[in-house]
Amino acid sequence: MDALTERFEQERPRLRAVAYRMLGSAAEADDAVQEAWLRFHRTGADGIENVGAWLTTVVARVCLSLLRTRRNHREEPLDGRPEPDDDRRDPGEEAELADSVGQALLVVLDALGPAERVAFVLHDMFTVPIDEIAPVIGKTPAAARQLASRARRRVKGGAAPDADLPRRRKVVEAFLAASRGGDFEALLALLDPDVVLHADRFAGPTPAPIVLRGVESVRRGAILASERARASELALVDGAPGLLMVREGKPAVVLAFQVDGDRITGIEVIADPDRLAALELAVL
């Protein structure tokens, strides 16, 4: 037992750093590390070829579960400061941990979806190979690589949480209602004159990708797809309002929107299974 404890304590600082970057909360990070210790204690080191990698995987899966629960319950992520009733934390340790990451980066990380955040933290901050990350987040290596790459672009761009989601949601809801009802005038009012629709090769009737430019072309396309719209529902697509059609219990088609003001300036129709697997989706 002493050897097991000593081995775990060697990994604890790194595990805590991993968990904090994923969760943005020191208290939750400690809980995740404690859960990893309990599982390690139950399992023992026998049969574990790489203890550090095994513990990292456990912590990552615990954090992913917490992030998904937080999103499903629409809870705001904690900011890493000690809770008033939590006397377990040392203020000096707390400040050091927060400074090692930076609040600005935590704000950007909060804009990422759960799987995106886990993939980015493991791959870019702790150099875990993509092949090891994929099973942690339940994706193929190609999809995991896409998630990490997209997260990297968003972090470099300083993407912050969208404060205008309610307005964008209303625009997408109006588009869905107009498409389902074949309401020409309502669609014209929602679409920007220079709107562009991109559909991948899996989404359309032809084997090639489709690009529609201009309000009239996109409006006609939306009317023709009214049956598909009736089978779709409002969803969060990587944290932004979009549409999701499910077939046999699996995502079949996703519509992602670019919205400027009260007008839709771009629509992306995604049906490629690999691309769908890389999306963070939550039905609203």
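1. Starting with helix α12: this short stretch covers residues 226–230, and both E227 and R230 sit in it, three residues apart, or about one turn of the helix. Their side chains meet in a salt bridge, with N to O at 2.4 Å. Keep in mind while reading that distance that the model is predicted.

2. How exposed are the two partners in α12? E227 counts as exposed, since its relative accessible area of 55% is over the 50% mark. R230 comes out at 42% relative accessibility, so it is classed as partly exposed.

3. Next, helix α9, which runs over residues 165–181. E173 and R169 both belong to it, and they are four residues apart, again about one turn of the helix. The pair forms a salt bridge whose closest N and O atoms are 3.2 Å apart. That sits inside the 4 Å cut-off used for calling a salt bridge.

4. For accessibility in the α9 pair, E173 has a relative accessible area of 36% and is partly exposed. R169, at 33%, is partly exposed too. Both values fall between the 20% and 50% limits, which is why neither residue gets called buried or exposed.

5. Then there's R275, which pairs with E268 in a salt bridge; here the closest N and O atoms are 2.3 Å apart. R275 is partly exposed at 27% relative accessibility, and E268 is partly exposed as well, at 32%. Elsewhere, R7, E11 and R14 are joined into one network by salt bridges that share partners.

6. On the overall tally, how many salt bridges does the rule give? The count comes to 13. The pairs discussed above are among them, including E227 with R230 and E173 with R169. As general background, side chains of opposite charge can pair when their charged atoms come close.

7. Last, a lysine I'd look at in the viewer. K139 is in the loop between α7 (130–137) and α8 (141–156). Its side chain reaches a backbone atom: the oxygen of A277, at 2.3 Å. Where else does K139 make contact, leaving aside its neighbours within four places in sequence? The list is A134, A144, L147, A277, A278 and L279. So A277 turns up twice for K139, as the residue whose backbone oxygen is reached and as a member of the contact list, where contact means heavy atoms within 4.5 Å.

Definitions and conventions
Residues numbered from 1 in each chain as written. Predicted model: local features only at pLDDT ≥ 70, side-chain atom pairs only at ≥ 80, totals over all residues. Heavy atoms only, no water. Helix = DSSP H or I, 4+ residues; strand = E, 2+ residues; numbered from the N terminus. Buried < 20%, exposed > 50% of the residue type's maximum accessible area, 1.4 Å probe, protein only. Polar contact = N/O pair within 3.5 Å; in protein donor to acceptor, adjacent residues only side chain to side chain.
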